[in-house]
Amino acid sequence: MDNPEYRRGSFNSMQSGTSDEDMVEIAGATLDSSVTDDVLPLDRDVSRGHSTFNGEGLNGASKMMDFLEEPIPGVGTYEDFNTIDWVREKSKDRDRHREIANKSKESTWALLQSVSDAFSGWLLMLLIGLMAGSLAGLIDISAHWMTDLKEGVCLSGFWFNHEHCCWTSNETTFIERDKCPQWRSWAELIVGQPDGAFAYIVNYLMYVIWALLFSFLAVSLVRSFAPYACGSGIPEIKTILSGFIIRGYLGKWTLVIKTVTLVLAVSSGLSLGKEGPLVHVACCCGNILCHLFTKYSKNEAKRREVLSAAAAAGVSVAFGAPIGGVLFSLEEVSYYFPLKTLWRSFFAALVAAFTLRSINPFGNSRLVLFYVEFHAPWHLLELIPFIMLGIFGGLWGAFFIRTNIAWCRRRKTTKLGRYPVLEVLVVTAITAIIAFPNDYTRISTSELISELFNDCGLLDSSKLCDYINDNTTKTTDDRAAGPNVYTAMWQLALALIFKIFITIITFGMKVPSGLFIPSLAVGAIAGRLLGIGMEQLAYYHHDWVIFKGWCSPGADCITPGLYAMVGAAACLGGVTRMTVSLVVIMFELTGGLEYIVPLMAAAMTSKWVADAIGREGIYDAHIRLNGYPFLEAKEEFTHKTLAMDVMRPRRNDPPLTVLTQDGLKVEDVETLISETTYSGFPVVVSRESQRLVGFVLKRDLVISIENARKRQDGIVSSSDIYFTEHIPPQPPSSPATLKLRKVMDLSPFTVTDHTAMEIVVDIFRKLGLRQCLVTHNGRLLGIITKKDILKHMAQVVNQDPDSILFN
């Protein structure tokens, strides 16, 4: 989304420093929050010299008319922190496609160009899949190695993680598969002994020191080089896909820093995941690769189709779930998702998954660390505990969203937000100090989920699989739990409490932080605990009514790992409010068709419970917290207000600033532009009639006048400007005239003053409008912008309308 036209110094009167170095609070990035002017403040004048976030106010042409044979560079483009005009962008693409189709009939070369243009979208998807899969493999391998580096180092090659180091050892036993002479803990290297109190303290200190080092590097790199690289990225991706422009958010520096710091943040042991940020990384790849194809680099709507497909590729490599990635993009992040984008998203997700599988980052021929397969069927009565897990997931999701948003709001409004590095280091220190003594919080969260999902076999050495075996049988049927199982349950209960609270303060810090893995971990712990409880009930009380008929003594009735999986799905669903995509992702993780019904029951229950407490998912809540201009398509507008109640100017406000189709001079327009902060102006026949002619963007006016002064002889401040089709004869001594009909939208979207606002809101959502004009009997009355609608919707639910910062 970087375009040199937005960085031309001659446009300083229109914009001032909207690059990455500006200081605006976006996804926790340190940017200048003083720049929070309303767009189209029709009732006030310019109050300071630099441009404000006022791009949303006025819409561009719904169809560009009266084109020149040589279009003026920059006309039809957008400033930073503006919303694109979907109607105009789609119209431009149709015109481009029509021109290519007509030329293809003229020559073979033109036909080849037409074929190349049609194929370019698939080639772009191939490149995105390859790049996203490669980066995901690099992140997985690096994070696995650096996580193990906190506990020790491999003598046969420092670049080996613990598991790979012991693979080649001939002295590794099956029971103690993680112990081998080649792998040395820090205590062995420093004090020469692996066990004992002093060795434990040395390992403890090294664990904390490495965690602090990794987190310090992560937050320092983000703060110094790419403020946009912090956080999950999904709320901003949703906003960008809805048409908002945040330049630099998907740029090269953001990609590089996000990739590096994501490895560091995950390796530090903080309660965060890499899955959400991988969507951001994949979208960065898509945006950068768009510059290779003019078709996508010069059309913001087409670019967003590519970003939707890139988001699908990101989830595909994050979970090893290509189909789930496509559904996630469709259900959760995309604003405009035509059928063509569905096919291309599927292809991009396929290529990304294939690339990651070729890299094989975990050495198990799987795409994720916690791939499992269950073999025991589930019984209908088990739906009761599955629904209980769904209720827990919904309660956890609602609790997490409220507390996390409250904490993030506190971070934004108090001194806490001024010290991001100190905050990250303190949270890392607390996390590492509390996590190390507990075996289940010391390991990485992905490894924890893998262990919780695991279906215990006879050869498993995990404490969770320490069952008392009957020597007469060699089966994996339900058995009495051994002492280690009860120890593990206490440790898991403490880990659950720890994960719940530490995740609340971790998500939203100034490091890359995903929410999928921590949410899955909370649910998996709760599910495993419930599963073990059900298993022991079935073993000791198989004669109870609920177990009779399907759980006879010695039968393999309950699978605790399945409960962990269902609990994980419930908690993730409660936080994100995903349903279809969540079930498909979990199904692709396990490879078991027969467990779809338990997953559906848990996901649906968690959504119902969470929605009953609060309607917003975590990403929508963060969009609202940051004040992004995002019209949620899922919300219904049921209030009985009319367009005249929302439009500006309001009563007692100055009249709407307009241009007339003739009678204006260049200096008049330049003065109007310099003295107002509006992003566009309606064009009327005359100030007396107020009959609407069209609409023109301020940016297009500035570029056109500047271009005319440079390239057209005789254009001076006293030159007349005409928006009419025919220019009347001019006296010979008069300066040259400037015809600007070519940059005017001759068919701006209009509604009457008595149009119901629920219809207006629906029009804005479905057409992606930036604004529409309000008329009465053909006379212009006012304007409704996207920001006006967002403010009105905030007011009717008793929220602060000034929380909508950008437009």
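**Reading a predicted model, feature by feature**

Reader: Which handedness does the link of Cys154 and Cys165 have?

Author: The link of Cys154 and Cys165 is right-handed, with 75 degrees about the S-S bond. To recognise such a link, one looks for a pair of cysteine sulfur atoms within 2.5 Å. In this predicted model, the disulfide that joins Cys154 to Cys165 has an S to S distance of 2.1 Å. The structure holds one disulfide.

Reader: Where in the chain do Cys154 and Cys165 lie?

Author: Cys154 belongs to strand S3 (residues 152–154), and Cys165 to helix H3 (residues 162–167). The two are eleven residues apart, and the pair links distant parts of the chain.

Reader: How should I read the confidence of the model, and what is the average pLDDT of the protein chain?

Author: One reads pLDDT as the predictor's confidence in each residue, from 0 to 100. The protein chain averages 82, and 85% of the residues score at least 70. Two stretches deserve separate mention. Over residues 1–69, pLDDT stays under 50, and the model has 225 contacts beyond four places in sequence for them. Over residues 471–476, pLDDT also stays under 50, and the model has six contacts of that kind.

Reader: How many cavities of 30 Å³ or more are found in the whole structure?

Author: A cavity is space where a 1.4 Å probe fits but cannot get out. The search of the whole structure finds nine of 30 Å³ or more. The largest cavity holds about 390 Å³ of space. Its lining comprises 33 residues, and the closest to the centre are Val266, Lys274, Ser444, Thr445 and Ser446.

Reader: Which helix gives the most to the lining of the largest cavity?

Author: That is H2, with four residues. Several helices each supply at least two residues of this lining, including helix H2 (108–149), helix H10 (300–319) and helix H17 (483–506). By class, the lining has 16 nonpolar, ten polar and seven charged residues.

Reader: How does one read a sheet, and what is the strand order of the open sheet that contains S11?

Author: One follows which strands pair, and two strands pair if there are at least two bridges between them. Here three strands form an open sheet in the order S8-S11-S12, with mixed pairing. Strand S8 (664–665) and strand S12 (738–739) each have a single partner strand and stand at the edges, so one side of each is left without a neighbour in the sheet. Strand S11 (residues 720–722) pairs with S12 in the parallel sense over two bridges. The bridge partner of Tyr722 in S12 is Lys739.

Reader: What is the strand order of the open sheet that contains S9?

Author: This open sheet of three strands has the order S7-S9-S10, and its pairing is mixed. Strand S7 (659–660) and strand S10 (692–697) stand at its edges with a single partner strand each, so one side of each has no neighbour in the sheet. S7 and strand S9 (residues 680–684) run parallel and are joined by two bridges. In S9, Val683 is the bridge partner of Leu659.

Reader: Is the peptide bond from Arg648 to Pro649 cis or trans?

Author: The bond from Arg648 to Pro649 is cis, with omega near 5 degrees. Pro649 lies in the loop between helix H23 (643–646) and S7.

Reader: Is phi of Asn360 positive or negative?

Author: Phi of Asn360 is near 55 degrees, a positive value in a residue other than glycine. Asn360 is found in the loop between helix H12 (339–359) and helix H13 (383–413).

Conventions
Residues are numbered from 1 along each chain as its sequence is written. This is a predicted model: local features need pLDDT of at least 70, side-chain atom pairs count only at pLDDT 80 or more; totals for chains, interfaces and linings use all residues. Side-chain values use heavy atoms; hydrogens and water are left out. On a 1 Å grid over the protein atoms alone, a cavity is a set of points where a 1.4 Å probe fits but cannot get out, and a pocket is an open set with protein on both sides within 12 Å along at least five of seven lines; lining residues have an atom within 4 Å of a point. Grid points are joined across faces, edges and corners, and a volume is the space filled by probe spheres set on the points. Ala, Val, Leu, Ile, Met, Phe, Trp, Tyr, Cys and Pro count as nonpolar, Asp, Glu, Lys and Arg as charged, and the others, Gly among them, as polar. Contact means heavy atoms within 4.5 Å.
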